[in-house]
Amino acid sequence: MIPQETYSVASNPVYHDDGPLHVLFAGESQTRPVHAVGPKIYDYYLLHYVEEGKGTFRTEQRTYELGQGSCFLIHPGQLVSYASDAGEPWRYRWTAFSGREAQGLLANAGFDPLHPVLFTDGDTMIPGSIERMQEAFYTKQESADLASLGYLYLIFSEAQHILSSHSRLTGTESQVQRTVKQMIHYMSAQYAHPVSIEQMCDSLGYNRAYLSRIFKKETGCSPVTYLLKLRIDKSRQLLRERPELSIEQVAASVGLTDALYFSRQFKRLCGQSPTAYRAVVTAPDLVASSRPDSQRGS
């Protein structure tokens with residue numbers, strides 16, 4: 001028997017225009033069969049925990065078939081879609097958050113755009129933490145803001161424990177994973193500067209050929225491609241949120257000093273020029289039409 005569709009969400013009563021970390025909202029939903037979201041891009045982090053049922057989560061890199069006990073994390077600026085199973089539509093909880101500290105906390109936990117999924121055995125505090133966030137927001141008290149951060153840190157802690165346990169290997173493999181993680185952290189921190197892969201290799205103290213080989217084996221792409229995609233993802237955010245910036249200024253802000261090269265690479269990866277992309281995502285009718293469901297996580 002197919003369960004009845006339900007949906008509920010509660011927003012943080014405290015609004016932060018800018019801050020180190022902020023929970024935006026939390027919700028839950030029993031979806032209908034083949035209920036689909038996207039493909040779309042979010043401008044905040046969105047974490048889902050699957051309580052029952054099955055579904056599919058697609059990123060720009062790969063497709064994941066997920067079931068009970070799975071978590072999937074959507075990163076800002078990533079084109080994603082997800083859909084519930086036809087026979088066993090999933091029931092999930094979600095929470096959205098943002099802030100300048102979020103990326104570092106997630107990296108420490110083991111989440112990054114190339115590794116957006118974790119699997120639990122069901123004995124986890126993650127769904128309970130999301131539920132308590134939602135309950136706190138329903139009170140409309142300002143103290144709910146601080147409580148939600150506490151629950152979010154508990155989720156980060158749980159994710160770090162699970163992901164580190166799953167990735168424990170011995171000998172050379174363990175060192176390889178740590179090195180690749182250092183490379184990802186380096187690029188995430190330095191993408192806005194005109195750094196090169198050679199500079200990163202010098203900083204980490206390894207040969208470029210070796211780092212390129214282990215990075216591609218672990219992530220499926222070369223360091224050059226990863227850094228370029230990271231820069232293009234960041235540029236899309238600037239094109240959406242900073243309309244006063246010129247294309248040259250956007251390019252420079254993501255570490256690409258040649259605006260023509262930036263435009264060519266943007267069109268190659270996104271299918272349209274930076275100017276055309278900005279025109280679409282900032283069109284008044286599109287912005288207005290997106291407002292009613294801006295808080296929907298399902």
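Is Arg236 buried or exposed? At 7% relative accessibility, Arg236 counts as buried, since the cut-off for that label is under 20%. The views below come from a predicted model, and we will meet Arg236 again in the view of helix α7.

**View 1. Four antiparallel strands make an open sheet.** Reading across the sheet, the order is β3-β8-β5-β6. The edges belong to β3 (36-41) and β6 (63-66), each of which pairs on one side only. From one strand to the next, the twist averages 10 degrees. Strands of a sheet pair through backbone hydrogen bonds, either parallel or antiparallel.

**View 2. Strand by strand, here is how the open sheet is joined.** Start with β3, which pairs with β8 (residues 79-84) in the antiparallel sense over four bridges. In this pairing Ala36 stands opposite Ala83 of β8. Strand β8 is also joined to β5 by four bridges, and β5 and β8 run antiparallel. Look here for Gly55, whose bridge partner in β8 is Ser84. Moving on, β5 (residues 55-58) and β6 pair over four bridges, again in the antiparallel sense. Phe57 faces Tyr64 of β6 as its opposite number. A hairpin is formed by β5 and β6, with four residues between them.

**View 3. Strand β9 pairs with β2 and with β4.** Strand β9 (residues 91-98) is mostly covered, with six of its eight residues buried. Eight bridges link β9 to strand β2 (residues 22-30), and β2 and β9 run antiparallel. A handy landmark is Gln30, which stands opposite Arg91 in β9. Strand β4 (residues 45-52) is joined to β9 by seven bridges, and this pair is antiparallel too. Here Leu47 has Thr95 of β9 as its bridge partner.

**View 4. Glu51 forms salt bridges with Arg91 and with Arg93.** Side chains of opposite charge can pair when their charged atoms come close. The N to O distance is 3.1 Å for Arg91 and Glu51. Arg91 lies in strand β9 and Glu51 in strand β4, so this salt bridge ties together parts that are 40 residues apart in sequence. For Arg93 and Glu51, the N to O distance is 3.0 Å. Arg93 also belongs to strand β9, so its pairing with Glu51 in β4 ties together parts 42 residues apart in sequence. Arg93 is buried, because its relative accessible area of 6% is under the 20% cut-off. In total, the model has eleven salt bridges.

**View 5. A buried face runs along helix α1.** Helix α1 (residues 102-109) has Ala102, Leu106, Ala107 and Ala109 as its buried residues. Seen down the axis of α1, these buried residues fall within an arc of 160 degrees, so they line one face of the helix. Just after α1 comes Gly110, whose phi is positive, near 110 degrees.

**View 6. Arg236 and Asp233 form a salt bridge within helix α7.** The distance between their side chains is 3.0 Å, N to O. Both residues lie in helix α7 (residues 223-241), three residues apart, about one turn of the helix. An α-helix has 3.6 residues a turn, so residues three or four places apart point the same way. Arg236 is buried at 7% relative accessibility, and Asp233 is buried as well, with a relative accessible area of 16%. Elsewhere, salt bridges that share partners join Glu28, Glu51, Arg91, Arg93 and Glu131 into one network.

**View 7. The largest nonpolar core holds 31 residues.** Within this core, Met187, Phe215, Tyr226 and Phe262 touch the most other members. Two or more residues each come from α4 (171-190), α5 (197-204), α6 (208-219), α7, α8 (247-253) and α9 (259-270). Centre the view on Phe215 and leave aside its neighbours within four places in sequence: its contacts are then Val180, Met183, Ile184, Met187, Gly220, Cys221, Ser222, Pro223 and Tyr226. Apart from this core lies another, of 28 residues, including Leu21, Phe111, Ala159 and Ile162. In soluble globular proteins, nonpolar side chains tend to be buried together.

How values were computed. Residues numbered from 1 in each chain as written. Predicted model: local features only at pLDDT ≥ 70, side-chain atom pairs only at ≥ 80, totals over all residues. Heavy atoms only, no water. Pairing = 2+ DSSP bridges. Axes fitted to C-alpha atoms, helices over the stretch in contact; angles between N-to-C directions. Buried < 20%, exposed > 50% of the residue type's maximum accessible area, 1.4 Å probe, protein only. Arc of directions from axis to C-beta. Salt bridge = Lys/Arg side-chain N within 4 Å of Asp/Glu carboxyl O. Core = buried A, V, L, I, M, F, W, Y, C linked by side-chain atoms within 4.5 Å. Contact = heavy atoms within 4.5 Å.
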